[in-house]
Every structure is written in C-alpha cells, then in structure tokens.
Amino acid sequence: DTSIAENFKEIDNSFSLDNYNFVTAELGNEKIANVYRVLGPFDYGSYDMKKEMADERGDNDDDESKEDSDDDDRKAYLQDYWDTRRSGAQFRGEVMSESKRPHGMGIKVFNKNSLYEGYFKDGTCHGAGRGITSNGECYQGMFEDDEMKGLGMFYWPDGRIYEGDFLGGKKQGK
C-alpha cells in the first residue's frame, strides 16, 4: 500500500508564479497582462528539456551521471535577478555557467512590448514556450531555434484560435 502523496511528483511552481505576478502587476503592458490572466502562469512541468537533450545526444537510458559529465559551460544555474542582454531585452532564468546564455527555463521581455517565456537552449527559444506580441497575439507551443515549430496554438486578440502544426515560424496545415 502506497500513500496518495507518493503517486504525485512534487513540482516547484514558484518561478512561473513569480513571472505571472510580474507580467500582470509590474510589466505595464495591459494587452500582455490580459493574455496571462486568460491563460494563467506558464506550465514548466509540461516539458522535459533534460529528456530532449538526452535524446539529441543519443542517451536512451535514465543515467543522470551523464549530465554531470558535461563540461561546466553546459551546466545551467538559475539567475533569479533581471539581467539586461546585449539586445536590450530583460532576462531572468537559467543560464549556462560561463557564457551566461539562456539555457533552461526563463523569461525574456523585449522593451516591455513583447515577451517569451519558456525553455531556452544555448541562447535560443527552444522547447515548450509562450510568445506574446505587443498587440496581444500569442503563440503557445513548441519552438526550435527561435522559431515556432511543431504543435502549438496561436491566439488573436479578436478571439480567433489556430491549433495545429507550425513549420518555419508559420502555420502549417488547417
């Protein structure tokens, strides 16, 4: 007999809740804040970046010691303060040790007019994420090398929604 608590994975949602509070109360862009109020905090638990990275390397077993053998530049740590990037964007999240490139979960705000929250890989939007433009358009789904790619949903401020595949940053299919 196992207790009910043993069947649930403990997830720390504090990063996503902090981002939600920042966007809805401090960012100062009401269109973006409204999208967050409708969609809620971003769900980092829905995507396993470590598994994807292992699949790309061809590691099919669950041996976590392989991660420890990576060189220090590939190891990410949480930078919990806002940092101004060379582009002028503000970033908070996981960065690689030496290069300080976003790598892992994070949020990047571009001149308070648009933002991306989700996963990064070597400085690019990669994996599950949410991008919101200054006029309230929103894409939530998969990214690869800064482009919408794979399954996702695109929301327009007038209420239209496209759900399906994306390729090369554009809708693919019906």
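A residue is called buried when its relative accessible area is under 20%, exposed when it is over 50%, and partly exposed in between. That scale comes in handy for the aromatic rings of this predicted model.

With a centre-to-centre limit of 6.5 Å, the ring count comes to 12 aromatic pairs. Take Phe 22 and Trp 82: their ring centres sit 4.7 Å apart and the planes meet at 35 degrees, which makes the pair tilted. Phe 22 belongs to helix α1 (residues 14-26) and Trp 82 to strand β1 (residues 76-84), so this contact ties together parts of the chain that are 60 residues apart in sequence. As for burial, Phe 22 has 17% relative accessibility and therefore counts as buried, while Trp 82, at 30%, counts as partly exposed.

Tyr 116 and Phe 143 meet in another way: with planes at 80 degrees and centres 4.9 Å apart, the pair is edge-to-face. Here too distant parts of the chain are linked, since Tyr 116 lies in strand β4 (residues 114-121) and Phe 143 in strand β6 (residues 138-144), 27 residues apart. Both Tyr 116 and Phe 143 are buried. These two rings also turn up in a cluster joined by ring pairs, along with Phe 91, Phe 120, Tyr 139, Tyr 162 and Phe 166.

Then there are the arginines. The charged end of Arg 130 is placed over the ring of Tyr 36, 4.7 Å from the ring centre. Arg 160 lies over the face of Trp 156, and there the distance to the ring centre is 4.4 Å.

Definitions and conventions:
Residues numbered from 1 in each chain as written. Predicted model: local features only at pLDDT ≥ 70, side-chain atom pairs only at ≥ 80, totals over all residues. Heavy atoms only, no water. Phe/Tyr/Trp six-rings, centres within 6.5 Å; stacked < 30°, edge-to-face > 60°. Helix = DSSP H or I, 4+ residues; strand = E, 2+ residues; numbered from the N terminus. Buried < 20%, exposed > 50% of the residue type's maximum accessible area, 1.4 Å probe, protein only. Lys NZ or Arg CZ within 6 Å of the ring centre and 35° of its normal.
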